[in-house]
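Subject: The structure I promised you

Hi,

Here is the structure we talked about, with my notes underneath. Have a look at it first, then read on.

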Amino acid sequence: MRRRTVLGLPGLAALGAAAAACGGHDEAKETERRTRMSRHTYGEDPSQYGDLLLPDGTPRGVVVVVHGGFWKSEYDADSLGLPLAEALAAAGWAAWNLEYRRVGTGPGGGGGAPRTFDDVATGIDHLARLDVDTSTVVTLGHSAGGHLATWAAARGRHGWAEQVPVTHVVSQAGVLDLRAADRDGLGGGAVARLLGHPATSADARFDPAQQLPLDVPVWCVHARADANVPFSQSVDYVERATAAGAEATLVEVDGDHFTVIDPGSQAWTRQLAILDTIG
C-alpha cells in the first residue's frame, strides 16, 4: 500500500504566501481544533489510544474511525484517520480516531491476531468511559480498517467484550474476506502476517466473510478501479450478506483505493449522505 503525495502543483507558492499572510487566523483555528480534540489511552502500549473530536453542539452519534494500511506498523491513525475524523466532527459527529497495535517491529508494532483485535474491541468499549452518547456507534474503516470495522460488529459472538455495541458499519474498500485476500496475495502476504498463518475456515472469529449474517446494516463503499483491494471484496461480501438475510449495500464510487478517504472527494460526499440517514 503506497500513500500518494502531490508535489509541484501550480499555485502552491501563492497559496503558501497567502497562508503566511493569514497566519494568525490559521493559528487560531488550529488552537480551536486542538481544544476540541482530546487523547485518551485504553492500555499501556503507546499505540493503545484514541483521539476524540467533538462537534459544535450535540453530536449526531459517534463514528469510530479505523485506519488502514494492511495492518502494518508503518501506517498510523494520525496520518490516515485524523483528516476523516476532523471532517466528521465538522459534519456534526463525535469522531473517535482509534489507534491499535499493528503488525511489525518498532513503533506501532506488536500486533497481529489476537492483539490487534483485542485493541480494537477494547478501544471501542473505552467510549463507555467518555462523556459521549453511545446509542449510535458507527464503525468506519478503510482497507484493513474496513476489515476491523466490520469485524467489530460481530466481536461479541467470538469471545470479546461488547460493552459498546456497533450499530452501523461503513466499510471503505474493506478487506472483508481474509481467505480470498490471502489467496490473492493482498498487501504482499499481509493476511498471513496478521494471522500468523495462511487464512482458513478455522479463522472465522477474525474474518467478516465467515461471520454472516450481521445484526447491523453495512455499507460497502468501493471504487471499481481500486488496484489495492479488489472491488470483488465488497461485491462478494454484499451478495453473501444479503443471501444470508443481512442488510448490506454496495456503494460504487469513482476513483481509486484512496479516493474513499479523501474528504474533498465525491466519494466522501456519498459517505456523508449515508451517515445523514443514520444520524
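One cut-off before anything else: I call a residue buried when its relative accessible area is under 20%, and exposed when that area is over 50%. By that yardstick Trp71, at 1% relative accessibility, counts as buried. Please bear in mind that this is a predicted model.

On confidence, the protein averages a pLDDT of 90, and 87% of the residues score at least 70. The part to be careful with is residues 1-24, where pLDDT stays under 50 and the model has 18 contacts beyond four places in sequence. Where pLDDT is low, the predicted coordinates should not be read in detail.

Now the overall picture. There are 10 helices and 8 strands in the protein, and 53% of its 279 residues count as buried. If you take the contacts with a separation of 6 or more, 73% of them are between residues 24 or more positions apart.

The sheet

The 8 strands make one open sheet with mixed pairing, in the order β1-β2-β4-β3-β5-β6-β7-β8. Which strands stand at the edges? They are β1 (37-41) and β8, and each has a single partner strand, so one side of each is left without a neighbour in the sheet. From one strand to the next the twist averages 20 degrees.

Further in, β3 (residues 62-66) and β4 (residues 94-98) run parallel and are joined by 5 bridges. Val62 is opposite Ala94 of β4 there. Helix α5 lies across β3, β4 and β5 (137-142), and runs at about 155 degrees to β4.

The cores

The largest nonpolar core has 53 residues, and Val64, Trp71 and Leu127 are the ones that touch the most other members. At least two residues each come from β3, β4, α5, α6, α7 (178-183), α8 (190-195), β7 (218-223) and α9 (231-243). Which element gives the largest share? That is α6, with 5 residues.

Val64 is worth clicking on. Leaving aside residues up to four places away in sequence, Val64 touches Trp96, Leu98, Ile124, Leu127, Val137, Val138, Thr139 and Leu140. There is also a second, separate core of 28 residues, which includes Val65, Leu140, Val170 and Phe258.

Back to α6 (residues 144-152): 9 of its 9 residues are buried, so this helix is largely enclosed by the rest of the structure. Among those buried residues are Gly145, Gly146, His147 and Trp151.

Backbone oddities

Two residues other than glycine caught my eye for their positive phi. Trp71, in the loop between β3 and α3 (77-80), has a phi near 60 degrees. Ser143 also has a phi near 60 degrees; it sits in the loop between β5 and α6. Is Ser143 buried or exposed? Its relative accessible area is 0%, so Ser143 is buried.

Then there are the cis peptide bonds. One joins Ala113 and Pro114, with omega about 0 degrees, and Pro114 belongs to the loop between β4 and α5. Another joins Leu212 and Pro213, again with omega about 0 degrees; Pro213 is in the loop between α8 and β7.

Two buried polar side chains

Asp125 is part of helix α5 (residues 115-125). With a relative accessible area of 10%, Asp125 is buried. What does the side chain of Asp125 reach at 2.8 Å? The partner is the backbone nitrogen of Val164. Not counting residues up to four places away in sequence, Asp125 touches Arg155, Ala161, Glu162, Gln163 and Val164.

Ser265 is in the loop between β8 (248-253) and α10 (266-278). Its relative accessibility is 8%, so Ser265 counts as buried too. A polar atom of the Ser265 side chain lies 2.9 Å from the backbone oxygen of Thr259.

If you open just a few spots, I'd go for Val64 and its contacts, the enclosed helix α6, and Asp125 with its reach to Val164.

Cheers

Technical notes: Residues numbered from 1 in each chain as written. Predicted model: local features only at pLDDT ≥ 70, side-chain atom pairs only at ≥ 80, totals over all residues. Heavy atoms only, no water. Helix = DSSP H or I, 4+ residues; strand = E, 2+ residues; numbered from the N terminus. Buried < 20%, exposed > 50% of the residue type's maximum accessible area, 1.4 Å probe, protein only. Polar contact = N/O pair within 3.5 Å; in protein donor to acceptor, adjacent residues only side chain to side chain. Contact = heavy atoms within 4.5 Å. Pairing = 2+ DSSP bridges. Axes fitted to C-alpha atoms, helices over the stretch in contact; angles between N-to-C directions. Core = buried A, V, L, I, M, F, W, Y, C linked by side-chain atoms within 4.5 Å. pLDDT = per-residue confidence, 0-100.
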